[in-house]
Amino acid sequence: MFAGFVALGVWQLQRLAWKTELIAQVDARVHAAPVPAPGPAQWPAVNPTDDPYRRVSVHGVFLNDRETLVQAVTDLGGGFWVMTPMRTDRGFVVLVNRGFIPPERRDRASRPTPRGPQSVTGLLRMAEPGGGFLRRNDPAADRWFSRDVDAIARAKGLADAAPYFIDAEAGAPDAWPRGGLTVIRFANSHLIYALTWFGMAALTLVGFGVFVRERRRRRA
């Protein structure tokens, strides 16, 4: 038991080092100068380890008639993410999360519609397949609980769609949709877990010592 608890404590220290490095990498990506969003030739290399939260930029025209609203809960309350595909000047399509809107802004006429060439800077995000907690996306009914890029692209008839989406940065503070609400937070309790396992290992030694002492006392 002592060896097992120590092994678990060491494993948590290894996880702590990994998580600390991950947080540092993400922080560097978020504050770096934007780079062009990955094009089709780079898509096979885009992965959940090296690319999430990378700051990217893209230029093109929004396809407003193929907008998708995805249910969301933010610090501003409940509402929707506005996912609008952009036909880039490089020929491919990328879904842009233009930001959050409250339910009363669901009607497109109640908020500005970007027209003509646009430039977007934001954070690269990986697709969220399937749906939300206990709620599955329903493409046929146009009900979405997660930003499932592949499913949205199929439902909206988007060819050559990038396998990621972009969270747009904040615009004017009173504008809708409200961008810049990406939550970048990583749970990091590995040190507490490591101390817990090492504490259990110490208690195992104490318990063994009490057992040995009691056994000797009885023999005496």
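**Exercise 1. In this predicted model, locate Ala161 in the secondary structure and decide whether it is buried, exposed or partly exposed.**

Solution. Begin with the element: Ala161 lies in strand E9, which covers residues 161-168. Next take the relative accessible area, which is 25% for Ala161. Because buried means under 20% and exposed means over 50%, Ala161 counts as partly exposed. Finally, look at the surroundings: leaving out residues up to four places away in sequence, Ala161 touches Trp43, Val93 and Ala153. Pro44, which is 117 residues from Ala161 in sequence, stands 13 Å from Ala161 in space, C-alpha to C-alpha.

**Exercise 2. Describe the largest nonpolar core and state which elements give two or more residues to this core.**

Solution. The largest nonpolar core has 19 residues, and those with the most contacts inside it are Val70, Trp81, Met83, Leu95 and Ile101. Two or more residues of this core come from each of strand E3 (68-74), strand E4 (77-88), strand E5 (93-101) and helix H2 (149-155). There is also a second, separate core of 15 residues, with Val94, Val120, Leu124 and Ala168 among them.

**Exercise 3. Work out how E3 and E4 are arranged and how far E3 is covered.**

Solution. First consider the pairing, which is antiparallel and runs over seven bridges between E3 and E4. Then consider the connection: the two strands form a hairpin, with two residues between them. Within this pairing, Leu69 stands opposite Val82 in E4. As to covering, five of the seven residues of E3 are buried, and E3 is accordingly described as mostly covered.

**Exercise 4. Characterise the largest cavity by volume, lining and residue class, and then follow Asn97 and Trp81 from the lining into their contacts.**

Solution. The structure holds one cavity of 30 Å³ or more, and the largest cavity has a volume of about 40 Å³. The lining includes Trp81, Asn97, Asp167, Ala168 and Arg178, while E5 and E9 each supply at least two of the lining residues. Sorted by class, the lining has three nonpolar, five polar and two charged residues.

Turning to Asn97, this residue lies in strand E5 and is buried because its relative accessibility is 3%. Apart from neighbours within four places in sequence, Asn97 is in contact with residues including Trp81, Arg147, Asp167 and Ala168. Trp81, with the same sequence neighbours left aside, is in contact with residues including Leu69, Val70, Asn97, Gly99 and Leu181.

How values were computed. Residues are numbered from 1 along each chain as its sequence is written. This is a predicted model: local features need pLDDT of at least 70, side-chain atom pairs count only at pLDDT 80 or more; totals for chains, interfaces and linings use all residues. Side-chain values use heavy atoms; hydrogens and water are left out. Helices (H or I, at least four residues) and strands (E, at least two) are DSSP runs, numbered from the N terminus. Buried means under 20% relative accessible area, exposed over 50%, partly exposed in between (1.4 Å probe, protein chains only). Contact means heavy atoms within 4.5 Å. A nonpolar core is a set of buried Ala, Val, Leu, Ile, Met, Phe, Trp, Tyr and Cys residues joined through side-chain atoms within 4.5 Å. Two strands pair if DSSP finds at least two bridges between them. On a 1 Å grid over the protein atoms alone, a cavity is a set of points where a 1.4 Å probe fits but cannot get out, and a pocket is an open set with protein on both sides within 12 Å along at least five of seven lines; lining residues have an atom within 4 Å of a point. Grid points are joined across faces, edges and corners, and a volume is the space filled by probe spheres set on the points. Ala, Val, Leu, Ile, Met, Phe, Trp, Tyr, Cys and Pro count as nonpolar, Asp, Glu, Lys and Arg as charged, and the others, Gly among them, as polar.
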